[in-house]
Structures are given as C-alpha cells and as structure tokens.
Amino acid sequence: MEQIFYIVDVFAESKYAGNQLSVVRHAGNLTELEMQQIAIEMNYSETTFILSDEARDGGFDVRIFTPQEEVPFAGHPTLGTAHVIRRELLGGVSSTVTLNLKAGKVPVTFARREDGKEEAVMRQLPPEFGSTFSRAELAEILQIDESNIDDRYPIQEVSTGLAAMIVPLKTLDAVKTCRVHWEKYMKLVRKTNAKPILVFAPQTIRPENDLHVRVFVDYLGIPEDPATGSANGCLAGYLVKHRYFDQPSINVRVEQGFAVARPSLLRLQAEEEGDEIRIWVGGRVIDIARGVLVD
C-alpha cells in the first residue's frame with residue numbers, strides 16, 4: 001500500500017506560519033529504521049506515522065520521530081496528526097480524535113472559535129514538576145544578564161510527557177536577546193530530562209496576546225522551535241502551580257516563532273482541581289500539501 005504523506009502547519013493563523021509537520025499514512029509495514037530515515041529526509045522538527053487506518057482500543061496508533069530519535073509525545077505533531085486523521089479517515093465529521101501515543105492516550109477535540117475558524121485542542125497529561133536551577137547557570141547558558149530573569153518564580157523542569165525547562169524573564173527585550181551557549185547548554189541537558197529550554201515574558205509583539213515565548217531545542221538538532229505544544233503545555237502547568245497570574249486557572253494566548261519568521265499562536269488553558277492540574281493546548285492547523293513516498 002502506498003505511503004501517502006501530508007504537510008500541515010500547526011499553530012498557524014495563516015499559511016506558512018506556525019510549525020510544519022509531515023504526517024505519513026499506511027505506515028504499519030515500515031520498520032523503525034525506515035521511519036527514522038524518513039524523518040531525517042523530511043528534516044522537520046517531527047514526522048508522525050499513522051500505523052493503520054483502523055482505530056484500535058479507542059484510538060489511532062501513531063508514532064513520532066524527530067530527525068534524531070523517536071519521542072513519546074510532542075504537541076504540534078499530536079494536533080496535526082489528529083487533523084489529518086479526522087479529515088482523511090473520518091470524513092471530517094468527528095469532533096474528537098484520540099491518538100494512541102507511546103506516552104499514552106491523547107484526545108484532540110475540534111471546535112469553531114468565535115471568529116468562525118476551526119481550532120484543534122488537546123488535553124495533555126497532568127504535569128510533573130522536577131528539579132529547579134539557579135539563575136546564574138541559566139543566565140550563562142542563555143548569554144543574558146542574571147538580572148533579566150524574574151526571581152519571583154523558579155527556573156524549573158516540568159513534564160507533560162516531554163520535559164521542558166521553564167525560565168521566566170522580565171521583559172520582551174530579554175527574550176529577544178537570548179542566545180544559547182552550546183557547550184554550557186549541552187553540559188546541563190546531559191544530566192536533565194528537559195532538553196528544550198522555554199523562555200517567556202509578559203510583554204508581547206502583538207498586543208492581543210498575553211505571553212511571548214521562545215523555545216530552544218539545540219539538543220534535538222533544531223536551534224529554535226517556531227511553536228511547540230508540549231513545552232507550552234509544561235508552561236501552562238507552571239503558570240498555574242506558581243500562580244503567575246495570581247489565579248488557580250489560566251486562559252491565555254501565547255505568541256511564538258517570531259524570531260524564526262514563523263509567527264505562531266497557541267491557546268493555553270489550565271486549571272487546578274484538587275492535587276491535579278488539567279491542561280489544554282490548542283491552535284489552528286492549515287493544510288499545505290500531500291504526496292506519495294516512492295520506493
């Protein structure tokens with residue numbers, strides 16, 4: 001059976017914005033090595049593989065590969081793949097698509113926004129909060145002055161299936177200034193679960209948004225991610241846990257990708273319920289192209 005592939009932009013308000021994704025269908029007969037080689041050839045941040053057109057155990061089996069390795073979960077691949085499954089396998093009529101990922105089951109829902117545009121939203125796994133780090137260490141890695149880091153909140157490792165290090169900065173200018181020092185970065189991430197570093201500030205380029213974010217993922221071979229649902233899901237949990245907005249819940253618009261000319265918009269919702277923080281991450285998915293892999 002032909003391996004059909006689709007290219008979509010995720011967290012994109014317009015074409016050729018957001019984060020690109022390639023989705024390969026009928027992938028059940030591909031070996032792990034072939035999936036890895038295709039991901040390298042595609043050279044996107046991730047490539048996903050739908051193993052079968054048939055649902056199993058209430059969801060569709062999907063695997064996610066970066067050009068370097070397979071990962072158990074990632075945000076924009078989950079939304080983009082659910083979009084393709086809904087359109088190509090379910091005729092565009094289902095309001096919910098569940099993906100069976102290595103990290104677990106992740107449901108994705110589809111709904112119309114107030115402006116009439118369709119948005120995909122995923123419920124992420126509850127966040128786990130890990131180690132904290134010193135301002136001095138991260139200031140050296142990001143090549144900024146330590147005074148640019150907001151000392152009211154910790155620098156902390158957070159995971160909703162894929163860990164990220166969350167670094168609160170004071171200003172938009174501080175976010176724009178960040179540049180990763182490769183050697184110091186590698187020294188740190190070799191001993192942590194968190195490979196991406198997410199920096200954010202409460203000032204934005206577009207006034208209708210709430211936070212400006214950059215995510216550095218040099219360890220995965222991508223200097224900067226234009227839009228990442230997994231890291232922003234970690235951020236959502238962090239914002240609630242540390243009462244960044246002085247509330248046990250959030251509903252915010254996050255802009256990302258401006259530094260790499262891929263202006264993206266992510267919508268984050270999270271709320272504390274008992275000992276658990278529930279998180280949703282959403283955004284638009286726009287179709288770009290489709291084709292067939294050749295032997």
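Here is a walk through the fold, from the overall build down to its salt bridges and two backbone oddities.

Keep in mind that this is a predicted model. Its chain carries six helices and 18 strands. How does the overall size compare with a simple expectation? A compact globule of 295 residues would have a radius of gyration near 19 Å, and the chain comes in at 18 Å, so the two agree. Along the principal axes, the C-alpha atoms fill a box of roughly 55 × 40 × 35 Å.

Now for how the chain packs. Of the 295 residues, 55% count as buried. If you take contacts between residues at least 6 apart in sequence, 63% of them join residues at least 24 apart. On the outside, the accessible surface is about 12,700 Å², and carbon and sulfur atoms account for 46% of that.

Next come the charges. There are 32 positive and 42 negative side chains, and the centres of these two sets sit 2 Å apart. How many salt bridges does the structure hold? The count is 24, and a few of them are worth a visit.

Start with glutamate 70, which pairs with lysine 102 in a salt bridge whose closest N and O atoms are 3.4 Å apart. This one links distant parts of the chain: glutamate 70 belongs to strand S5 (residues 70-71), while lysine 102 sits 32 residues away in the loop between strand S6 (96-101) and strand S7 (104-112). Lysine 102 has a relative accessible area of 55%, and because the cut-off for exposed is over 50%, lysine 102 counts as exposed.

Then look at arginine 86 and glutamate 118, a salt bridge with its closest N and O atoms 3.1 Å apart. Here a helix meets a strand: arginine 86 lies in helix H2 (residues 75-89) and glutamate 118 in strand S8 (residues 118-124), so the bridge ties together parts 32 residues apart in sequence. Are the partners buried or exposed? Arginine 86, at 12% relative accessibility, counts as buried, whereas glutamate 118, at 22%, is partly exposed. The line between those two classes is drawn at 20% relative accessible area.

Stay with strand S8 for another bridge, this time between arginine 123 and glutamate 276, at 3.6 Å from N to O. Arginine 123 is in strand S8 and glutamate 276 in strand S17 (residues 276-283), so this pair links parts of the chain that are 153 residues apart. Both ends are partly exposed: glutamate 276 has a relative accessible area of 35%, and arginine 123 has 29%.

Salt bridges also join up into a network. Which residues take part in it? They are Arg25, Asp53, Arg87, Glu88, Asp287 and Arg290.

Finally, turn to the backbone. Most residues other than glycine have a negative phi, which makes a couple of loop residues stand out. Tyrosine 16 is not a glycine, yet has a positive phi of about 65°. You'll find tyrosine 16 in the loop between strand S1 (4-10) and strand S2 (19-24). Aspartate 246 is the other case, with a positive phi near 60°. Aspartate 246 is in the loop between helix H6 (229-241) and strand S15 (249-256), and with a relative accessible area of 64%, this aspartate is exposed.

Key. Residues are numbered from 1 along each chain as its sequence is written. This is a predicted model: local features need pLDDT of at least 70, side-chain atom pairs count only at pLDDT 80 or more; totals for chains, interfaces and linings use all residues. Side-chain values use heavy atoms; hydrogens and water are left out. Helices (H or I, at least four residues) and strands (E, at least two) are DSSP runs, numbered from the N terminus. The radius of gyration is taken over C-alpha atoms; the globule rule is 2.2 Å times the number of residues to the power 0.38. Buried means under 20% relative accessible area, exposed over 50%, partly exposed in between (1.4 Å probe, protein chains only). Contact means heavy atoms within 4.5 Å. Accessible areas come from the Shrake-Rupley method with a 1.4 Å probe; for residues, only the protein chains shown count as cover. Lys and Arg count as positive and Asp and Glu as negative; His and the chain ends are not counted. The place of a charge is taken as NZ of Lys, CZ of Arg, CG of Asp or CD of Glu. A salt bridge is a side-chain nitrogen of Lys or Arg within 4 Å of a carboxyl oxygen of Asp or Glu.
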